[in-house]
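Here are a few short exercises to help you find your way around a new structure. Try each one yourself before you read the solution.

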Amino acid sequence: MRRRRIAKREMTPDVKYNSELVARLINTIMRNGKKSVAQKIVYSAFDVIKAKKKDMDPLEVFLQAVENIKPKLEVKSRRVGGATYQVPVDVPAERQVALAMRWIATYSQAKKGRSMADSLSSELLDAFENQGASVKKKEDTYKMAQANKAFAHYRW
C-alpha cells in the first residue's frame, strides 16, 4: 500500500433516536449542507412509519430494512491482459451499510409526485418487507456476482 490508512471519524448519534445509523441516513439524505432539512425529512418519515406500523418501533423497522438491503457480494472491474473482468468480491461491513443508505436515498428521491418524507418511509417499509427498488438492487448486485463466479480466481 502506498499511503497510510485514514482514520475513521467518530459519528455523533442523532438527537431524537440516539442512533449512529439514523445519523448516517440523515447525512446521506442531506443536500447542500442543509442538515436540519434532512433531519425533518427523516424524522417525519419515521413518524409515517410509526403511524403505519403501530405495533413496531420505527427504529426497529429502519434497522431491519437496512439489514435486508445490505449486499454481501458485489463485482469489481479488474483488467487482466487487455480484458476487463467483473470479479466478485465480498463487501466489507462498513461499505455494506454505506451502499444500503445510498440505495435507500437514491430510490426515495427517484419516486416523484410526493414528498421526500413519504417516499423515504415507503421505501423503508418496502425494504422492511423485503421488496421495493433497493432490495431489487441488492438482488441484482448478487446475481451479477453469481454470474461472474468463474472469474473469482482474479480476486486480489
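**Exercise 1.** Work out which pattern of helices and strands the chain follows along the sequence.

*Solution.* Start at the N terminus of this predicted model and read along: you get α-α-α-β-β-α-α-α. Now tally the elements, and you have 6 helices and 2 strands.

**Exercise 2.** Find out how much of the chain is buried and how much area it exposes.

*Solution.* Begin with the cut-off: a residue is buried if its relative accessible area is under 20%. Of the 156 residues, 38% pass that test. Next, look at the outside: the chain exposes about 9900 Å², and carbon and sulfur atoms supply 50% of that area. For the overall dimensions, the C-alpha atoms fill a box of roughly 55 × 35 × 30 Å along the principal axes.

**Exercise 3.** Decide whether Lys52 is buried or exposed.

*Solution.* First locate the residue: Lys52 lies in helix H2, which covers residues 35-52. Then take its relative accessible area, 56%. Exposed means over 50%, so Lys52 counts as exposed. One more step: check Leu125, which is 73 residues away along the chain; its C-alpha atom and that of Lys52 are separated by 9.1 Å.

**Exercise 4.** Say which residues line the largest pocket, and sort them by class.

*Solution.* Go round the lining and you meet Lys8, Arg9, Glu10, Met11, Glu20, Arg24 and Glu94. Sorting them gives 6 charged residues, 1 nonpolar and no polar ones. To finish, note the volume of this pocket: about 220 Å³.

Definitions and conventions:
Residues numbered from 1 in each chain as written. Predicted model: local features only at pLDDT ≥ 70, side-chain atom pairs only at ≥ 80, totals over all residues. Heavy atoms only, no water. 1 Å grid on protein atoms, 1.4 Å probe; cavity = no way out; pocket = protein on both sides within 12 Å on 5 of 7 lines; lining within 4 Å. Points joined across faces, edges and corners; volume = space filled by probe spheres on them. Nonpolar A, V, L, I, M, F, W, Y, C, P; charged D, E, K, R; others polar. Helix = DSSP H or I, 4+ residues; strand = E, 2+ residues; numbered from the N terminus. Buried < 20%, exposed > 50% of the residue type's maximum accessible area, 1.4 Å probe, protein only. Areas by Shrake-Rupley, 256 points an atom, 1.4 Å probe, with all protein chains shown as cover.
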